[in-house]
Amino acid sequence: MTKLYSNTANKQLIASMIQKGREPHSVLITGEPGGGKKALARYLAAALLCEEHTGEPCGKCRSCRMINDDVHPDLITAKSNENGNYRLDDIRALVSDTVVKPNEGRLKVYLIPDFDRSVSTAQAVQNVLLKAIEEPPAHCVMILTAATKEVFLPTIISRVVKFAAEPCSRHDAEEWLTLLGRFEQTDVIRAVGCCGGNFGRCLEFLEGGELRKAYDCARAAVEQIAEGSEYGLVKVFAQADAKGALLKQALQFLCETARSGCLLSAGAVSEDELRSREAGLLSKKLGQNGCERLYTLAANTKDRLERSANQSLAMNDFTAKCSGLLR
Ligand SMILES: [Zn+2]
């Protein structure tokens with residue numbers, strides 16, 4: 001069974017509900033993107049379907065093994081289209097299917113992930129779902145996940161048992177990513193350094209998504225600052241200039257690196273603890289004062305971009321002010 005990290009209180013609540021025979025039939029799991037909602041949903045499904053029925057998945061029974069291999073016929077995940085939207089017909093079919101008895105045991109679990117991403121059809125889809133949530137067949141469990149509960153109809157909110165996915169620690173994320181066995185240790189450390197305990201963001205970083213591009217941009221900027229190259233710095237941001245979201249994220253990484261550089265210069269942390277080569281470079285080149293100024297510059301520029309100021313103007317200002325630091 002894939003281990004569920006953190007979530008101690010949630011695991012206790014799930015165990016207690018199952019042991020007392022008060023299994024929930026409609027569940028809403030909320031939490032930030034990448035923050036383990038689906039992992040908690042699968043854990044809950046596995047605990048409900050486990051043949052041992054102890055309140056937590058045993059990981060060994062036929063049901064647990066089938067869930068682990070993604071082949072359990074009574075764990076059904078709703079499919080969305082490529083934009084993350086749920087089609088009304090698909091949800092209708094899912095709701096119709098709830099009356100059909102389970103294949104294996106007592107329960108059948110339906111998982112509808114990232115429900116709030118389905119903006120265009122949310123209202124209509126919820127009305128269709130409402131039937132299954134208001135009067136679910138005794139063998140049916142419906143688990144929805146969403147970033148917040150704000151998008152839901154009050155009639156749905158009042159009928160679901162709510163769980164909030166608990167954030168994980170950096171240590172948890174490092175262990176999990178290492179166990180996946182797909183990534184270099186140095187990359188894992190970098191990902192956790194940038195994305196903290198958010199497993200989804202760490203994975204996106206390691207798989208070379210937008211986060212990784214932003215990080216590489218910030219890292220290239222640090223290299224140029226360390227070399228004192230004003231021209232190099234301009235070039236780094238000119239190459240990344242096309243996408244505002246990427247620039248904002250890169251500036252965010254730069255802020256964090258400058259803050260680490262600051263702490264390093266002040267002797268508040270050691271280079272070993274920090275495990276950030278880039279913070280070391282900034283600290284050496286700029287010292288505590290310079291790192292502080294870089295932090296402020298990057299944070300202000302990110303604010304400007306968020307207020308949708310002229311992007312190239314804001315970035316030109318930023319690099320011009322940075323070159324003041326380099327002299
Ligand atoms: Zn089991």
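**Helix 9, the nonpolar core and the parallel sheet**

The buried residues of helix 9 pack against helix 7 (170-180), helix 8 (185-195) and helix 10 (210-227). These buried residues of helix 9 are Phe-199, Arg-201, Cys-202, Leu-203, Phe-205 and Leu-206. Helix 9 itself covers residues 199-206 and is mostly covered, with 6 of its 8 residues buried. Just after helix 9, Gly-208 adopts a positive phi of about 80°. All of these values are computed from a predicted model.

The chain as a whole contains 15 helices and 5 strands. Its C-alpha trace spans about 75 × 40 × 30 Å along the principal axes. Of the 327 residues of the chain, 39% count as buried. Among contacts between residues at least 6 apart in sequence, 70% join residues at least 24 apart. The chain is divided into domain 1, residues 8-164, and domain 2, residues 209-326. The centres of domain 1 and domain 2, taken over C-alpha atoms, are separated by 42 Å.

The largest nonpolar core has 91 residues, and the members that touch the most others are Leu-44, Ala-45, Ile-143 and Cys-202. Helix 2 (residues 37-49) supplies the largest share of this core, 10 residues. Both domain 1 (8-164) and domain 2 (209-326) give residues to the core, so the core lies between them. Cys-202, named among the core members above, is also one of the buried residues of helix 9.

Helix 2 has 13 residues, and the distance from its first C-alpha to its last is 18 Å, close to the 18 Å expected at 1.5 Å a residue. Burial in helix 2 extends to 13 of its 13 residues, so this helix is largely enclosed by the rest of the structure. Ile-143 is in contact with Ala-41, Leu-44 and Ala-45, and helix 2 runs over residues 37-49. Leaving aside neighbours within four places in sequence, the other contacts of Ile-143 are Val-27, Ile-29, Val-109, Tyr-110 and Leu-111.

The 5 strands form an open sheet with the order 2-3-4-1-5 and parallel pairing. Strand 2 and strand 5 (161-164) stand at the edges of the sheet, each with a single partner strand, so one side of each is left without a neighbour in the sheet. Direction ignored, neighbouring strands of this sheet are turned by 20° against each other on average.

Individual pairings in the sheet can be described through their bridges. Strand 1 (residues 26-30) pairs with strand 4 (residues 140-146) in the parallel sense over 5 bridges. Within this pairing, Leu-28 has Leu-144 of strand 4 as its bridge partner. Strand 1 also runs parallel to strand 5, to which 4 bridges join it. There, the bridge partner of Ile-29 is Phe-163 in strand 5. Ile-29 is in addition one of the contacts of Ile-143. At the other edge, strand 2 and strand 3 run parallel and are joined by 3 bridges. Thr-77 has Leu-111 of strand 3 as its bridge partner, and Leu-111 is likewise among the contacts of Ile-143. In a regular strand the side chains alternate between the two faces of the sheet.

Two aspartates in loops take positive phi values. Phi of Asp-70 is near 60°, a positive value in a residue other than glycine. Asp-70 is placed in the loop between helix 3 (62-68) and strand 2 (75-77). With 9 C-beta neighbours inside 10 Å, Asp-70 counts as exposed, because the cut-off for exposure is 12 or fewer. Asp-114, also not a glycine, has a positive phi of about 45°. Asp-114 is placed in the loop between strand 3 (108-112) and helix 5 (122-134). This residue is partly exposed, with 17 other C-beta atoms within 10 Å.

A further aspartate, Asp-187, lies in helix 8, one of the helices against which the buried residues of helix 9 pack. Asp-187 has 15 C-beta neighbours inside 10 Å and therefore counts as partly exposed. The C-alpha atoms of Asp-187 and Leu-130 are separated by 44 Å, and these residues are 57 residues apart along the chain.

Notes
Residues are numbered from 1 along each chain as its sequence is written. A nonpolar core is a set of buried Ala, Val, Leu, Ile, Met, Phe, Trp, Tyr and Cys residues joined through C-beta atoms within 7 Å. A residue is buried if 20 or more other C-beta atoms lie within 10 Å of its own, exposed if 12 or fewer, and partly exposed in between; C-beta atoms are placed from the backbone. Domain bounds come from an automatic or database domain assignment. Two residues are in contact if their C-beta atoms, placed from the backbone, lie within 7 Å. Two strands pair if DSSP finds at least two bridges between them. Axes are lines fitted to C-alpha atoms, for helices over the stretch in contact, and angles run from 0 to 180 degrees between N-to-C directions. The expected span of a helix is 1.5 Å times one less than its number of residues.
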